[in-house]
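The exercises below are to be worked with the sequence and the 3D structure at hand. Each begins with a task and is followed by a solution in steps.

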Amino acid sequence: MSFILTLIRNLLGGIIAFFDVVTRGTKLKRTKEAQQQVEKDLKELTLYQFFACPFCIKTRRAMYKMNLPIVKRSVSGGSPYRDELFQGGGKVQSPCLRIEKDDEVKWLYESSEIIKYLQQRFTQ
């Protein structure tokens, strides 16, 4: 039974991911210098995610629109990043944004909170 549920979840997630790519829209435009600074600041961020998860798709879509090429790590079963997420954040839940600043690491869960954080930091 769980195999069928997993299959259905992955199939629906794949369909949602396809439509996300097709309907994504345009990226935020910045000057070359401003984009370089943003990309420098992004080096302290990593998104832990599942490809077909609707909440991860929502987060990736927002990142795309804000023109934020953040490193993404899959936490699918068997991935070393799954263990990394569990060890650092305390649970395997996605999406999760890993924020490194001044030798401190913060793990931010929940797509809406991640998007709010990125908007406040990079679009104002």
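**Exercise 1. Determine how strand 1 is joined to strand 2, and follow the chain between them.**

Solution. In this predicted model, strand 1 and strand 2 run parallel and are joined by 4 bridges. To fix the register, take Leu 47, which stands opposite Lys 72 in strand 2. Then trace the connection: the chain leaves strand 1, passes through helix 3 and arrives at strand 2, a β-α-β crossover that is right-handed.

**Exercise 2. Work out the pairing of strand 3 with strand 1 and with strand 4, and then give the strand order of the sheet.**

Solution. Begin with strand 1 and strand 3, which pair in the antiparallel sense over 4 bridges; here Thr 46 stands opposite Arg 98 in strand 3. Next, follow Arg 98 to strand 4, where its bridge partner is Trp 107. Strand 3 (residues 96–101) and strand 4 run antiparallel and are joined by 6 bridges, and within this pair Ile 99 stands opposite Lys 106 of strand 4. The result is an open sheet of 4 strands in the order 2-1-3-4, with mixed pairing. Its edge strands are strand 2 (71–74) and strand 4 (104–109), each of which pairs on one side only. Neighbouring strands of this sheet are turned by 25° against each other on average, with direction ignored.

**Exercise 3. Describe how helix 3 packs on the sheet, and classify its crossings with helix 1 and helix 5.**

Solution. Helix 3 (residues 54–65) packs on the sheet by touching strand 1 (45–49) and strand 2, and the direction of helix 3 makes about 150° with that of strand 1.

For the first helix pair, the axes of helix 1 (residues 2–22) and helix 3 come within 10 Å and cross at roughly 15°. Helix 1 is therefore roughly parallel to helix 3, since angles under 35 degrees count as roughly parallel. The crossing of these two helices is right-handed. Gly 13, Ile 16, Ala 17, Phe 19 and Asp 20 in helix 1 meet Pro 54, Ile 57 and Arg 61 in helix 3, and the residues of this contact divide into 5 nonpolar, 1 polar and 2 charged.

For the second pair, the axes of helix 3 and helix 5 (residues 111–122) come within 9 Å and cross at roughly 10°. By the cut-off already used, helix 3 is thus roughly parallel to helix 5. On the side of helix 3 the contact is made by Phe 55, Lys 58, Thr 59, Ala 62 and Met 63, and on the side of helix 5 by Ser 111, Ser 112, Ile 114, Ile 115 and Leu 118. The residues of this contact divide into 6 nonpolar, 3 polar and 1 charged.

**Exercise 4. Locate the residues with a positive phi at Asn 67 and Asp 102, and state the form of the peptide bond from Ser 94 to Pro 95.**

Solution. As background, most residues other than glycine have a negative phi, and most peptide bonds are trans. Asn 67, in the loop between helix 3 and strand 2, has a phi near 60°, a positive value in a residue other than glycine. Asp 102 takes a positive phi near 50° in the hairpin of strand 3 and strand 4, which has 2 residues between the strands. Finally, the peptide bond from Ser 94 to Pro 95 is cis, with omega near 0°, and Pro 95 has its place in the loop between helix 4 (80–89) and strand 3.

Methods: Residues numbered from 1 in each chain as written. Predicted model: local features only at pLDDT ≥ 70, side-chain atom pairs only at ≥ 80, totals over all residues. Heavy atoms only, no water. Pairing = 2+ DSSP bridges. Axes fitted to C-alpha atoms, helices over the stretch in contact; angles between N-to-C directions. Contact = heavy atoms within 4.5 Å. Parallel < 35°, antiparallel > 145°, perpendicular 65-115°, else oblique. Left-handed = near helix turned anticlockwise from the far one by under 90°. Nonpolar A, V, L, I, M, F, W, Y, C, P; charged D, E, K, R; others polar. Right-handed = clockwise from strand over helix to strand, strands pointing away.
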